[in-house]
Amino acid sequence: ALLSTLPKTEEGGFQHVVKEQPNTGHLWDDTLFMTCLFLGTAGVVLKRKDLIDEASYQFLLHTRYLCEPASGLWYHGWHFAGRHHFAGALWARGNSWITLAIPELLEMLDLDEHDAVYRQLQNTLQIQVAALARCQSDNGLWPTLLNDPDSYLEASATAGFAAGIFKAIRLGYLNAHYLPMAERACQGIIDHISPQGELLQVSFGTAMGHDLDHYRHIPLTSMPYGQAMAMLCLVEALHRTL
């Protein structure tokens, strides 16, 4: 169904459809984690090379349009019709989907280190994580706009970054010198878990913004995806103790 019925952008990108609107011509960084990992998994389970190849292509296409070359951080979205990145937001949770998704895909596909897709995505991850190291706050969390330290600190993105970095180090996709960064992030997550077990300081669901204040004013609450990202973070941290 993804290949035959999901609306596509130019160049065959997966359009990020949400229940409220089709987002015609939009690429969002969310899509790689929410759709393309599922497609790759289906390809591996069903032994269908066409599904694996499509998942890999979507990662490469999204990287081309969403990864900001100067910093290595990712824009929230790209609009083919307008040829722009909307607000130009380097949104933290969107970036964290990438930090999580790349090691998930590389592990899933078990590619040789000389494979072109492996090399491109590993390099993309390394450059992104190096950029993240420069904008982490003292308490381990990252601001919701990565290049705006005055925007509020956001926990779900931090959990995603920590989980992805821990996993990438464990699987050999990242150098272990990034381990202290992930450990600070994990401690920041632990510090923001309530006595009832809820991860706090999580931004509400975030549609594409046309100005940066859109992201600054998203309310903070407790959300299921925040809980899930915190669990991923803590599970990966536990791997360090086994």
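1. Gly 197 is found in the loop between H7 and E5, and with a relative accessible area of 37% this glycine is partly exposed. The model in which Gly 197 is placed is a predicted one, and the points below should be read with that in mind. The C-alpha atoms of Gly 197 and Glu 54 are separated by 38 Å, the two residues being 143 positions apart along the chain.

2. On overall form, the C-alpha trace of the chain spans about 45 × 40 × 35 Å along its principal axes, and the chain holds nine helices and six strands. For 242 residues a compact globule would be expected to have a radius of gyration near 18 Å, and the 17 Å of this chain agrees with that expectation. Among contacts with a separation of 6 or more, 60% join residues that are 24 or more positions apart.

3. On burial and surface, 53% of the 242 residues are buried. The chain exposes about 10,900 Å², of which carbon and sulfur atoms supply 56%. The chain carries 15 positive and 25 negative charges, and the mean positions of these two sets lie 5 Å apart.

4. The largest nonpolar core has 68 residues, and the members that touch the most others are Phe 59, Trp 142, Leu 146, Ile 165 and Leu 174. At least two residues of this core come from each of helices H2 (30–46), H3 (49–66), H4 (92–109), H5 (116–133), H6 (155–170), H7 (179–191) and H9 (224–239). A second, separate core has seven residues, including Trp 28, Phe 86, Ala 89 and Met 208. As background, nonpolar side chains in soluble globular proteins tend to be buried together.

5. Phe 59 deserves a closer look as one of the core members with the most partners. When residues up to four places away in sequence are not counted, Phe 59 touches Leu 32, Cys 36 and Leu 37, and also Ala 101, Ile 102, Leu 105 and Leu 121.

6. Cys 135 lies in the loop between H5 and strand E3 (142–143). Is this loop cysteine buried or exposed? Its relative accessible area is 15%, so Cys 135 is buried, given that the cut-off for burial is under 20%. Beyond the residues up to four places away in sequence, Cys 135 touches Trp 142, Pro 143 and Leu 146; of these, Trp 142 and Leu 146 are among the core residues that touch the most other members. Cys 135 and Ala 185 are 50 residues apart in sequence, and their C-alpha atoms are 12 Å apart in space.

7. Two residues other than glycine have a positive phi and may merit checking by eye. Arg 83, with phi near 55°, lies in the loop between strand E2 (77–79) and H4, and is partly exposed at a relative accessible area of 45%. Asp 110, with phi near 50°, lies in the loop between H4 and H5, and counts as exposed at 65% relative accessibility.

8. Helix H9 is the place of Glu 236 and of Ala 237. Glu 236 is buried, with a relative accessible area of 9%, and which residues does Glu 236 contact, leaving aside its neighbours within four places in sequence? They are Ala 163, Phe 166, Lys 167 and Arg 170. Ala 237 also counts as buried, at 18% relative accessibility, and, with neighbours within four places in sequence again left aside, is in contact with Phe 166 and Cys 186. Phe 166 is thus a partner of both Glu 236 and Ala 237. The C-alpha atoms of Ala 237 and His 214 are 33 Å apart in space, although the two residues are 23 apart in sequence.

9. Asp 211 is found in the loop between strand E5 (202–203) and helix H8 (212–216), and counts as partly exposed at 44% relative accessibility. A separation of 29 Å is found between the C-alpha atoms of Asp 211 and Ala 163, which are 48 residues apart along the chain; Ala 163 is also one of the residues in contact with Glu 236.

Notes. Residues are numbered from 1 along each chain as its sequence is written. This is a predicted model: local features need pLDDT of at least 70, side-chain atom pairs count only at pLDDT 80 or more; totals for chains, interfaces and linings use all residues. Side-chain values use heavy atoms; hydrogens and water are left out. Helices (H or I, at least four residues) and strands (E, at least two) are DSSP runs, numbered from the N terminus. The radius of gyration is taken over C-alpha atoms; the globule rule is 2.2 Å times the number of residues to the power 0.38. Buried means under 20% relative accessible area, exposed over 50%, partly exposed in between (1.4 Å probe, protein chains only). Contact means heavy atoms within 4.5 Å. Accessible areas come from the Shrake-Rupley method with a 1.4 Å probe; for residues, only the protein chains shown count as cover. Lys and Arg count as positive and Asp and Glu as negative; His and the chain ends are not counted. The place of a charge is taken as NZ of Lys, CZ of Arg, CG of Asp or CD of Glu. A nonpolar core is a set of buried Ala, Val, Leu, Ile, Met, Phe, Trp, Tyr and Cys residues joined through side-chain atoms within 4.5 Å.
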